[in-house]
Amino acid sequence: EERFARSFVRGKFRIKKWGRHKIIQELRLREISSPIIKLALTEISEKEYKSTLYTLAEKKLNLLREINPMKRKKKLTDHLLQKGYEAGLVFEV
């Protein structure tokens with residue numbers, strides 16, 4: 001179970017660029033216990049996590065065609081929250 005959880009976290013973060021919230025939610029759906037989830041999340045370094053978040057934000061911002069800056073910001077925020085990133089980090093970006 002632990003090996004699966006660690007592998008799952010690495011794969012979903014590095015390949016799908018999922019945030020912690022979405023990864024935790026998926027692991028809970030698979031009935032993985034909380035201590036193992038916490039242990040598995042140590043596979044993601046904080047520096048790499050923030051770097052990925054900034055990269056995703058820049059990429060999405062370049063794809064948005066919305067002219068209104070408030071709607072543009074809302075769409076970017078919604079996208080990042082849907083990917084599973086924490087609201088505090090999203091608003092910081």
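This tour moves from the whole chain to one pair of helices.

**The whole chain.** Begin with the entire chain selected, and bear in mind that the model is predicted. In cartoon view, look for 6 helices; the number of strands is 0. Tracing the chain along its sequence gives the pattern α-α-α-α-α-α. Along the principal axes, the C-alpha atoms occupy a box of roughly 45 × 25 × 20 Å.

**Surface and interior.** Next, display the surface. The exposed area of the chain is about 6400 Å², and 54% of this area comes from carbon and sulfur atoms. How many of the residues count as buried? The share is 33% of the 93 residues in the chain. Contacts may be considered next: of those between residues at least 6 apart in sequence, 64% link residues at least 24 apart.

**Charged side chains.** Now select the charged side chains and colour them by sign. There are 23 positive and 12 negative side chains. The centres of these two sets are 5 Å apart.

**Helices H1 and H2.** Finally, select residues 2-14, which form helix H1, together with residues 20-29, which form helix H2. Their axes come within 10 Å of each other and cross at roughly 145°. The crossing of H1 and H2 is right-handed. Which residues make the contact between H1 and H2? Show the side chains of Phe 4, Ala 5, Phe 8, Val 9, Lys 12 and Phe 13 on H1. On H2, the residues to show are Ile 23, Glu 26 and Leu 27.

Technical notes:
Residues are numbered from 1 along each chain as its sequence is written. This is a predicted model: local features need pLDDT of at least 70, side-chain atom pairs count only at pLDDT 80 or more; totals for chains, interfaces and linings use all residues. Side-chain values use heavy atoms; hydrogens and water are left out. Helices (H or I, at least four residues) and strands (E, at least two) are DSSP runs, numbered from the N terminus. Buried means under 20% relative accessible area, exposed over 50%, partly exposed in between (1.4 Å probe, protein chains only). Contact means heavy atoms within 4.5 Å. Accessible areas come from the Shrake-Rupley method with a 1.4 Å probe; for residues, only the protein chains shown count as cover. Lys and Arg count as positive and Asp and Glu as negative; His and the chain ends are not counted. The place of a charge is taken as NZ of Lys, CZ of Arg, CG of Asp or CD of Glu. Axes are lines fitted to C-alpha atoms, for helices over the stretch in contact, and angles run from 0 to 180 degrees between N-to-C directions. A crossing is left-handed if the near helix is turned anticlockwise from the far one by less than a right angle, and right-handed if clockwise.
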